[in-house]
Amino acid sequence: MNHTAPQVAPAVYTFAQLLSSTRRGARLARLLTVEQLRAWPVPHGVTERAEQIVAELSANAALHGRVGSRLFRLTLTLDPTAGLLRVAVTDARGECLPSPSAACEAPLDSESGRGLLLVAALADRWGVEPYPPIGKTIWAECDWGSPGPSAS
């Protein structure tokens with residue numbers, strides 16, 4: 001009798017958290033990201049990139065995406081088989097959709113306005129999606145080579 005062992009589908013990890021649209025909420029998003037990614041099989045370099053991406057996107061959600069006392073959502077999705085980490089931050093200001101070209105429009109002497117330029121430099125891909133009924137999600141993806149055993 002010939003038996004084939006059942007194949008287990010590779011795990012895709014997900015973490016989601018609602019946070020206050022404040023500076024404290026943005027800081028907590030960054031800290032939660034680092035702790036979560038340390039618990040997952042993510043290379044250190046990807047964790048560092050993701051930490052900076054979350055810092056920028058959550059600061060933007062608190063500063064530009066805030067509507068009253070509404071919260072913003074941080075979502076991390078890891079597919080270790082594909083070597084892909086997706087960071088998504090959803091806020092309540094859907095009427096303000098940044099474009100990838102807008103990331104380069106800040107004057108050089110400006111104290112702010114270059115957060116999305118940093119996201120573009122750190123991520124392999126990023127974009128914006130409407131989040132019905134009134135919000136938006138800004139996402140960024142980080143790739144790495146075959147994760148292997150040293151990925152943790």
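Start at the hairpin: three residues join strand 4 to strand 5 there. Helices (H or I, at least four residues) and strands (E, at least two) are DSSP runs, numbered from the N terminus. This is a predicted model, where local features need pLDDT of at least 70, side-chain atom pairs count only at pLDDT 80 or more, and totals for chains, interfaces and linings use all residues. Residues are numbered from 1 along each chain as its sequence is written, and side-chain values use heavy atoms, with hydrogens and water left out.

Still at the hairpin, select Y131, which stands opposite G135 of strand 5. Strand 4 (125-131) and strand 5 pair in the antiparallel sense over seven bridges; pairing takes at least two DSSP bridges between two strands.

Now colour strand 5, residues 135-143. Eight of its nine residues are buried, meaning under 20% relative accessible area with a 1.4 Å probe, protein chains only (exposed is over 50%, partly exposed in between). Strand 3 (residues 84-91) also pairs with strand 5 in the antiparallel sense, over eight bridges.

Next, click on E141. Is E141 buried or exposed? Buried, with a relative accessible area of 11%. Its side chain makes a polar contact with that of R125 at 2.7 Å (N or O atoms within 3.5 Å; within protein, one able to donate a hydrogen and the other to accept it, and residues adjacent in sequence count only if both atoms are side-chain atoms). Over in strand 3, R86 has E141 as its bridge partner. Leaving out residues up to four places away in sequence, E141 touches L84, L85, R86, A123, D124 and R125, a contact being heavy atoms within 4.5 Å.

Swing round to helix 3 (residues 115-122), where G115, L116 and V119 are buried. Seen down the axis, the buried residues fall within an arc of 95°, so they line one face of the helix; the arc is taken from the directions from the helix axis to the C-beta atoms. They pack against helix 2 (44-63), strand 4 and strand 5.

For the interior, show the largest nonpolar core, 27 residues: buried Ala, Val, Leu, Ile, Met, Phe, Trp, Tyr and Cys joined through side-chain atoms within 4.5 Å. Helix 2 gives the largest share, six residues. Among those with the most contacts inside the core are I53, L57 and V87.

Last stop: residues 146-152, where pLDDT (the predictor's confidence in each residue, from 0 to 100) stays under 50. The chain average is 84.
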